[in-house]
Structure formats: structure tokens, C-alpha cells
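Thanks for coming. I will take a few minutes to walk through one structure, and you can follow along on the screen.

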Amino acid sequence: MSDNLIEIRDLSFAYGERMVLKGINLTARRGQVIAIMGNSGCGKTTLLRLIGGALKPTSGSVQVDGIDVGALDQDGLYKLRRRMGMLFQFGALFTDLSVYENVAFQLREHTDLPEEMIRDLVLMKLNAVGLRGAHALMPSELSGGMARRVALARSIALDPMLIMYDEPFAGLDPISLGVTGELIRRLTDSLGMTSIVVTHDVQESLKIVDYVYFVSDGVVEAQGTAADIKASVLPFVHQFVHGEADGPVPFHYPAPPYRADLGLNA
Amino acid sequence: MEAVIRSVRGLGHRIVNVVQRMGVAARFFVLTLLHSGPSFRRFQLILHEIYSAGVLSLIIILVSGLFVGMVLGLQGYETLQTYGSSDALGILVALSLVRELGPVVAALLFASRAGSAITAEIGLMRATEQIEAMEMMAVDPIARVVAPRFWGAVISMPLLAALFSAMGIFGGYLVGVVMIGVDEGSFWSQMQAAVDVKNDILNGVFKSFVFGVAVTVIALFEGYDAPPTAEGVSRATTRTVVTSSLAILGLDFILTAFMFRGV
């Protein structure tokens, strides 16, 4: 068994004519928390969808646990996905099911476990995210942070080898932010999983990750450990880490000269 | 000349789009049928949808049926008594409802109440990434979300149409017999003698089954295919009601032409 759970080689992807990813190389070792960072629209979420097999590469390959994801048919993909979990940006909980039923969903769909065992497993998963007491609530009764934690409990229901997080810190208050970050690290370590976190929350993610890939305009602009990234002098990384308004990523969207737009050229 | 070419090209483009969309919808329908097995193995999923689509539509169906029947009683009596045939009121009310008004009006109401709800629910599930989350959990949304709703609605529709007709006949009885004073024996016995199980009742049930399939496929497809935005879901919901209503009326003419020719 290879040390690397994910190996991405020369991966390119285009939506129609528009190239989103241009020759990405990325490796995730087992048991690591990897962050993929970059500004909005740089192709981070597309990369997650390619790893999960929701999209097929235009060229290059994505291998998960030695399996070429792009070459799988639907049955093969579904088989692989049973060993993966994904946390969507706003949880994507099933709104017609209670918290308990959301976490039990995969257990009911993919196993023939007796109800008592399902109940024990659901309560254990909910306890791991601190929400055992909320099992009877409906998703509409949860705060944003709680919904994210329930979704996390749901995604670990079948003890996956890999969890992908799509912007897990977006829109959370400082307490929920810390709790979510700490949960990602703790669950990765205790369950022996590998985690890939797509985020643009630099400060929170640098506290918990083992390795960071910075993506800009479809290519990996920089990579390294959290310490490497903090110390980086690359202009793009520096601007991103320190949240500067202007730099390689300009403040203004490309536009004609301001004076010309206001008709002041005469 | 340029403008003519542009408008012809635009028209052709729209027609190609419509035909392509119908092809995708037909493929969606076939996929739904092919993935129906798990729904029947876990029948509680279908029962839940029968509750959502059928039981929750009962109020509007029963109340509308009652009023349509009462109006039929009034209008029918008014016309029949001109010819001295007011005893035939039972036949008029029953045949109008069982053959035509029951299946058609119940299906139109079903499209507005349950069809729009199905489209909005599935459209919102897509907009909030619930469908994608299901796919990432290796659960086929066509089998888990679409097929149970399809069968739940298709089973509900003929039952609702039958209840609509029954309620309508009761409404006609209330107005004709209880309020106006038409002979009760004539009302029921003439109805019993004239209404044929195969030609009238079974044909009506078949019609409502076809309408149920049409409305449900349109509602499910519009929801599943809706752009994942508030505007996209709202437009899809409107399209469900408009397209379903037109489909019901068009299909009704075709089915009636085949069923009752020469009668």
C-alpha cells in the first residue's frame, strides 16, 4: 500500500472553452490534513469535484488509493465513494430528515445493520462532534456551525479513508470556527483518515494543516508546510496570507480606463 | 433580409432546444422506471410520498369536487327541466364527473398543489447541494429521491380523481335531491343503470393514471433540471404548472377521442 492516498498528475480541466485547472500536481499522504488555498474562482472546488469523480479531467490523472478516478464507471465510482466523505460548504443536510436520520442515512442505504446498532453508531458519531443531545432536532433548528458539525458526523458515518471539506470555515462565528478546525484535526488523527480542506481562511487553516497548496489561476503557485507558507516571500502568497487589498491579485476587475468610462477624455 | 435569416435561425434554435429537452426528459423518465426497484423493496419510501402528494392534496380535491358537483346539480337541473327530464339529473352529474371532470379537474388541481411542490422541493434540494451530497455518498438520487416520488404521485392521482368524482356526485345529490327535490330513487337508479363500469369508470381511472404519469414526470424533471438559483427554481415551478395543465388538456382530447368514439 502506497504512502500516498491521493496522487494528482498534470491535471487540467476546462468548462467548455474556459481552462480552470492547468497542469496541477498534488500529493496527499495518508493521515495528513492538506489545505488547498486560493482566491475565489481559482478552481479549488473544481479540484475537489475531480477528486470525488463528479467531474472528469480534460487531461492528466487523479488517483485515489491507487484507483484512477477519471476512468471509473458509475458502479466503480459509487464503490470508491463509499470510502470517501465530503463536507459541503453549508452542510447540505437533508432538510426533510432529522439530525439523527441524516447521520443514519448512509448506514441505512449501504448496510443491513440492525436498528439498535445504527442507533449506537449514530449517537457515537454525533457525540464525536458534540451534538448527541441535538439528535432529535431538524436541520432548520440548527445554527450554521451546528449544521456543519452534523454534516461532519454524517460524512464520517462509514469511517471513510478520505474526507473532503469545501470551505468548512465560511460564515462561522469565531467559536464555531475554532471548534470546526479542531474537529477536523482531531477526527483525522483519531479515525486515521486523510483530510483535504479547500479554504481561503488562512489563519484558521494554518493552525491545523500539515501541508498547503496555493492555487492561483489554475496552477499551483506555492506549496509547503504551514511554517513555509507563513514565511513565504512570494508576492501572491504574501498578499493572501496578510490579506492585502492590492497586489498580484488586483483590487479592480479588468475595465477600460476610468476617465474613458466617465466620458472625461475630451 | 438579414433580419429574416436571424429570426428563422432563432426559431430553429428554439425548436431544436425544445426537442432536445423533450429527449432529455424522456431519458429521465426511462431512468426513473429502471431505478424503481429499490422503491418497491422499501415501500415505506413510496408510502411517505403518497402522504405528501396524495393525503395532503385531499382538502383541495374534496372541497373542489363538492362545489363542482353542486354547480353541476344546479346547471343540470336548469337545463333538464326544460325538456321535462329532471329525473335524469343523476346520470348527467355522474357521467360528467366520472368520464371528464373528475380526471381532468383533479389532475389540474394535483398539478397546482402536488406538482409544484415536487418541483420546488427537488429544485431546492439541488440548489442546496443535497442531490450532490447524495451522489457523493454513493446513493443514486434517481432511485432514492425521484422514483419514490414518481410512484407515490402516480398511485395517488387515480385515487384522488375517484374521490373528486364521489364528492361531486354527493354535491349533485345535495343540490338536486335535498335542496331542489328531484326524486331520490330516480336520481340513484338512473345513475346506476346508465354508468358503465368499463366504458365510464375504468376509462376515467385510466385517464387519471395517464394524467398522473404526465404531471409527475414533468414536475420531477423540471425540479431536477432547474438551475440551482432562487430564480431558476421559481421558473421551474411555474413551468411545471403551465406545462402540466397543457399536457392534461391535450392528452384528455386524445384519450377521449380513442375511448368514446361512436358512443
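**A helix pair in chain B**

I start with two helices: H7(B) passes H9(B) in a right-handed crossing. Please keep in mind throughout that this is a predicted model. H7 covers residues 141-180 of chain B, and H9 covers residues 197-225 of chain B. The two pack at an angle of about 145 degrees, and their axes are 8 Å apart. For anyone new to this, a pair of packed helices is described by the angle between the axes and the distance between them.

Which residues make the contact? From H7(B) they are Val146(B), Arg149(B), Phe150(B), Ala153(B), Val154(B), Met157(B), Pro158(B) and Ala161(B). From H9(B) the list includes Gly204(B), Val205(B), Ser208(B), Phe209(B), Phe211(B) and Gly212(B). Further along H9(B), Thr216(B), Leu220(B) and Tyr224(B) are also among them. By class, the residues of this contact divide into 13 nonpolar, 4 polar and 1 charged.

**The rest of chain B**

Now the chain around that pair. Chain B has 10 helices and 0 strands, so to read its elements from the N terminus is to read α-α-α-α-α-α-α-α-α-α. Its C-alpha trace spans about 65 × 60 × 30 Å along the principal axes. Of the 263 residues of chain B, 43% count as buried. Taking the contacts in chain B with a separation of 6 or more, 87% are between residues 24 or more positions apart.

**Where chain B touches chain A**

How many residues of chain B are in contact with chain A? The number is 10, and they touch 13 residues of chain A. On the chain B side, the classes are 5 nonpolar, 2 polar and 3 charged residues.

**Chain A**

Chain A contains 10 helices and 10 strands. Its radius of gyration is 20 Å, close to the 18 Å that the globule rule gives for 266 residues, so chain A is as compact as a globular protein of that length. Its C-alpha atoms fill a box of roughly 80 × 40 × 35 Å along the principal axes. Buried residues make up 37% of the 266 residues. For contacts in chain A with a separation of 6 or more, residues 24 or more positions apart account for 63%.

**Three residues in chain A**

I will finish with some single residues. Ala92(A) sits in the loop between strand S6 (84-87) and helix H3 (99-110) of chain A. Ala92(A) is not a glycine, yet its phi is positive, about 55 degrees. Is Ala92(A) buried or exposed? Ala92(A) counts as buried, because it has 25 C-beta neighbours inside 10 Å.

Glu167(A) also has a positive phi, near 45 degrees, in a residue other than glycine. Glu167(A) is in the loop between strand S7 (162-166) and helix H6 (174-191) of chain A. Where 20 or more other C-beta atoms within 10 Å are required for a residue to be buried, Glu167(A) has 20 such neighbours and therefore counts as buried.

Last comes Met124(A), which belongs to helix H4 (residues 115-128) of chain A. Met124(A) has 14 other C-beta atoms within 10 Å, so it is partly exposed. Met124(A) and Met146(A) are 22 residues apart along the chain, and their C-alpha atoms are separated by 16 Å.

Terms used. Residues numbered from 1 in each chain as written. Chains lettered and ligands numbered in written order. Predicted model: local features only at pLDDT ≥ 70, side-chain atom pairs only at ≥ 80, totals over all residues. Axes fitted to C-alpha atoms, helices over the stretch in contact; angles between N-to-C directions. Helix = DSSP H or I, 4+ residues; strand = E, 2+ residues; numbered from the N terminus. Left-handed = near helix turned anticlockwise from the far one by under 90°. Contact = placed C-beta atoms within 7 Å. Nonpolar A, V, L, I, M, F, W, Y, C, P; charged D, E, K, R; others polar. Rg over C-alpha atoms; globule rule 2.2 N^0.38 Å. Buried ≥ 20, exposed ≤ 12 C-beta atoms within 10 Å, placed from the backbone.
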